[in-house]
Amino acid sequence: MISINPTNIQKNTYVEYLWKRNLYSPVWLWSINDVLIQSKKIIGDKRIKSDIIAGGSIRGPHNCGKCDNKFIDNISKFSLNQNIKLLKENNCECYEKW
């Protein structure tokens, strides 16, 4: 199994230090979605998952706010059943900003 676990910003860490100085920002959920789709194509039947900690918050992986819950839910469901169609259903107008 391959597990992709994006960083979130914890208090009193180097990541928080960088974030407060605008030198780091949490990953977009679009990026996680894309990595999972592309990785699944490469690894085939092997399992791949992603646990999104603090998803949808300013300190965790997020998109525009309107679509965060849908992305997080579909990524979580994909991690359980490996149905790539769930990831391909994710969409939002914030795609252009990403």
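Along the sequence, the elements of the protein chain occur in the order β-α-α-β-α-α, giving four helices and two strands in total. The model is a predicted one.

The overall dimensions were evaluated over the C-alpha atoms. Along the principal axes, these atoms of the protein chain occupy a box of roughly 40 × 30 × 20 Å. The radius of gyration of the protein chain is 14 Å, which agrees with the value near 13 Å that a compact globule of 98 residues would have. Of the contacts between residues at least 6 apart in sequence, 64% link residues that are at least 24 apart.

The accessible surface of the protein chain amounts to about 6,200 Å². Carbon and sulfur atoms account for 51% of this surface. Of the 98 residues in the protein chain, 37% are buried. The chain carries 15 positive and 9 negative charges, and the mean positions of the two sets lie 4 Å apart.

The largest nonpolar core consists of 16 residues. Within this core, the most contacts are made by Leu29, Ile32, Leu36, Ile52, Ile75 and Leu87. Both α2 (29–43) and α3 (68–81) contribute at least two residues each to the core. The largest share is that of α2, with six residues.

The surroundings of one core residue, Ile32, were examined further. When residues up to four places away in sequence are left out, Ile32 is in contact with Pro6, Val27, Ser50, Ile52, Pro61 and Ile75. Two of these partners, Ile52 and Ile75, are likewise listed with Ile32 among the core residues that have the most contacts inside the core.

Methods: Residues are numbered from 1 along each chain as its sequence is written. This is a predicted model: local features need pLDDT of at least 70, side-chain atom pairs count only at pLDDT 80 or more; totals for chains, interfaces and linings use all residues. Side-chain values use heavy atoms; hydrogens and water are left out. The radius of gyration is taken over C-alpha atoms; the globule rule is 2.2 Å times the number of residues to the power 0.38. Buried means under 20% relative accessible area, exposed over 50%, partly exposed in between (1.4 Å probe, protein chains only). Contact means heavy atoms within 4.5 Å. Accessible areas come from the Shrake-Rupley method with a 1.4 Å probe; for residues, only the protein chains shown count as cover. Lys and Arg count as positive and Asp and Glu as negative; His and the chain ends are not counted. The place of a charge is taken as NZ of Lys, CZ of Arg, CG of Asp or CD of Glu. A nonpolar core is a set of buried Ala, Val, Leu, Ile, Met, Phe, Trp, Tyr and Cys residues joined through side-chain atoms within 4.5 Å.
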